Amino acid sequence: MGAFDLRSGAELLEPTGLFNTTGPQSFAFDDTNALIYTLQTLQSGIRLSDEDEPVSAGDRKSAGDMCLTRLTAAGKVTGHMYLRGFGHGIAFGVEPVGKRTFLWVEGKADPKNGYGRSVARTPFKDGAILDSTDPAVAHFDPLPGASDLAPSLDLAGGRVLVSHEKDREHRFAVYPMTDFLAGRRDSPQVVNAGEQVKEEEWFQGCALHGDFVYVLTGNPYTDKKGKNPRKSGGNTYISAIDVRTGKPQGRRRVTVAPDLPYREPEGMAVSMAGGRPALCIGFSVKTEDRRELTLYRFTG
């Protein structure tokens, strides 16, 4: 489907703990420096250095507070940041520029649900606590009236993908990155998710490569009758939408790693490591005291 063969995949990252114990929400690659970045909501009970008291996980989620972890390709934690008031982390991008790394994330979290209302771009700084209101954060409002904004990057194609909700529809907007940064954001390519995101399935991430937007949906395993039992192998799906025509190009069930405990799909990104594109998806895995992230890759 699209440029990738989704009939089989290979493990890219074994189950790995992140800087916080909460479940991963999404991930992005810095192939230039062989690094992986991840986002998660903050775990309950953390009191950051400039806070008066610990904050509950529910309040963190509503506020749009996130923890970003930087990992080597082998899964070693090499850095982190705390991002307060940004969003839920459904998708994001990493842009290496010389010796600096810029994060493209949700911004200006909606206090009603904790999801982003802008596209934010900010430098990565190991160990920093950064607020969405900080002057170091550049905010963009490319889709006035839209909600639940979540960006990702197609670095190979020099494009920005923005997932969003508008007029009660889930949509994806595609921009040339140079135009986006220069303020030319009035005429993006826009496609509707349509039936690619079904009401009973959770939207878990998106990616852009070539002529296609790829959409990840699915739920965690549950023992509730008829919902998504472990014995079913899960209801994780990847769909493709042609950005030229807006037409769906197929929807395929993901069958890799059916025996993972819990197995909730969390995040999607394209890696260009080695010069060969791979569509990668993440799963959240429960252990006794934390959630971990595992990644699987699909090539053409």
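What follows is a chat between a visitor and a guide about a predicted model.

Visitor: Let's start inside. Which element gives the most to the largest nonpolar core?

Guide: The largest nonpolar core has 20 residues, and those with the most contacts inside it include Tyr214, Ile238 and Phe283. Elements giving two or more residues to this core are β16 (212-217), β17 (237-242), β19 (264-271), β20 (278-286) and β21 (291-298). The biggest contribution, four residues, comes from β20.

Visitor: Ile281 caught my eye. Which residues is Ile281 in contact with, leaving aside its neighbours within four places in sequence?

Guide: Ile281 is among the residues with the most contacts inside the largest core. In general, nonpolar side chains in soluble globular proteins tend to be buried together. Setting those sequence neighbours aside, Ile281 is in contact with Phe27, Leu216, Ile238, Val254, Gly267, Met268, Thr294, Leu295, Tyr296 and Phe298.

Visitor: And how many residues does the second, separate core have?

Guide: Met66, Leu68, Ala128 and Val137 are included in that second core. Its size is 18 residues.

Visitor: On to the sheets. Which strands stand at the edges of the five-stranded open sheet?

Guide: This sheet has mixed pairing and runs in the order β2-β3-β4-β5-β9. A strand at either edge has a single partner, so one side of that strand is left without a neighbour in the sheet. Those edge strands are β2 (24-30) and β9 (129-131).

Visitor: How are the strands of that sheet turned against each other on average?

Guide: Here direction is ignored, and the average is taken over neighbouring strands. The value is 25 degrees.

Visitor: Is strand β4 mostly covered or mostly exposed, and how many of its residues are buried?

Guide: β4 covers residues 66-72. On one side, β4 pairs with β3 in the antiparallel sense over seven bridges, and β4 also pairs with β5, again antiparallel, over six bridges. The strand is mostly covered, and the number of buried residues is six of its seven.

Visitor: Which residue in β5 is the bridge partner of Leu68?

Guide: Leu68 has a bridge partner in each direction, so to speak: Leu39 is paired with Leu68 in β4. Looking to β5 instead, the partner of Leu68 is Met81.

Visitor: Which residue in the turn between β4 and β5 has a positive phi?

Guide: β4 and β5 form a hairpin, with four residues between them. The phi in question is about 100 degrees, and the residue is Gly75.

Visitor: What stands opposite Leu83 in β9?

Guide: Strand β5 (residues 77-84) and β9 run parallel and are joined by three bridges. Opposite Leu83 in β9 stands Leu130.

Visitor: Now the four-stranded sheet. Which strands stand at its edges?

Guide: The order in this open sheet is β11-β12-β13-β14, with antiparallel pairing. Neighbouring strands are turned by 20 degrees against each other on average, direction ignored. With a single partner strand each, the edge strands are β11 (147-154) and β14 (189-192).

Visitor: What is the bridge partner of Lys166 in β13?

Guide: Strand β12 (residues 159-166) and strand β13 (residues 169-176) pair over eight bridges in the antiparallel sense. For Lys166, the partner in β13 is Glu169.

Visitor: Is Arg168 buried or exposed?

Guide: Arg168 lies in the loop between β12 and β13, and Asp167 is found there too. Both have a positive phi without being glycine: near 55 degrees for Asp167 and near 65 degrees for Arg168. Asp167 has a relative accessible area of 59% and is exposed. At 88%, over the 50% cut-off, Arg168 counts as exposed.

Visitor: What does the side chain of Ser56 reach?

Guide: Ser56 sits in the loop between β3 (35-41) and α1 (57-63), and at 32% relative accessibility it counts as partly exposed. Not counting residues up to four places away in sequence, Ser56 touches Ser44 and Gly45. Its side chain reaches, at 3.2 Å, the backbone nitrogen of Asp59.

Visitor: Last one: how many disulfides does the count come to?

Guide: Cys206 is buried at 1% relative accessible area, and Cys67 is buried at 0%. The cysteine sulfur nearest to Cys206 is that of Cys280, 14 Å away, while a disulfide needs sulfur atoms within 2.5 Å. Cys206 is in no disulfide, and the count comes to zero.

Conventions: Residues numbered from 1 in each chain as written. Predicted model: local features only at pLDDT ≥ 70, side-chain atom pairs only at ≥ 80, totals over all residues. Heavy atoms only, no water. Core = buried A, V, L, I, M, F, W, Y, C linked by side-chain atoms within 4.5 Å. Buried < 20%, exposed > 50% of the residue type's maximum accessible area, 1.4 Å probe, protein only. Contact = heavy atoms within 4.5 Å. Pairing = 2+ DSSP bridges. Axes fitted to C-alpha atoms, helices over the stretch in contact; angles between N-to-C directions. Polar contact = N/O pair within 3.5 Å; in protein donor to acceptor, adjacent residues only side chain to side chain.
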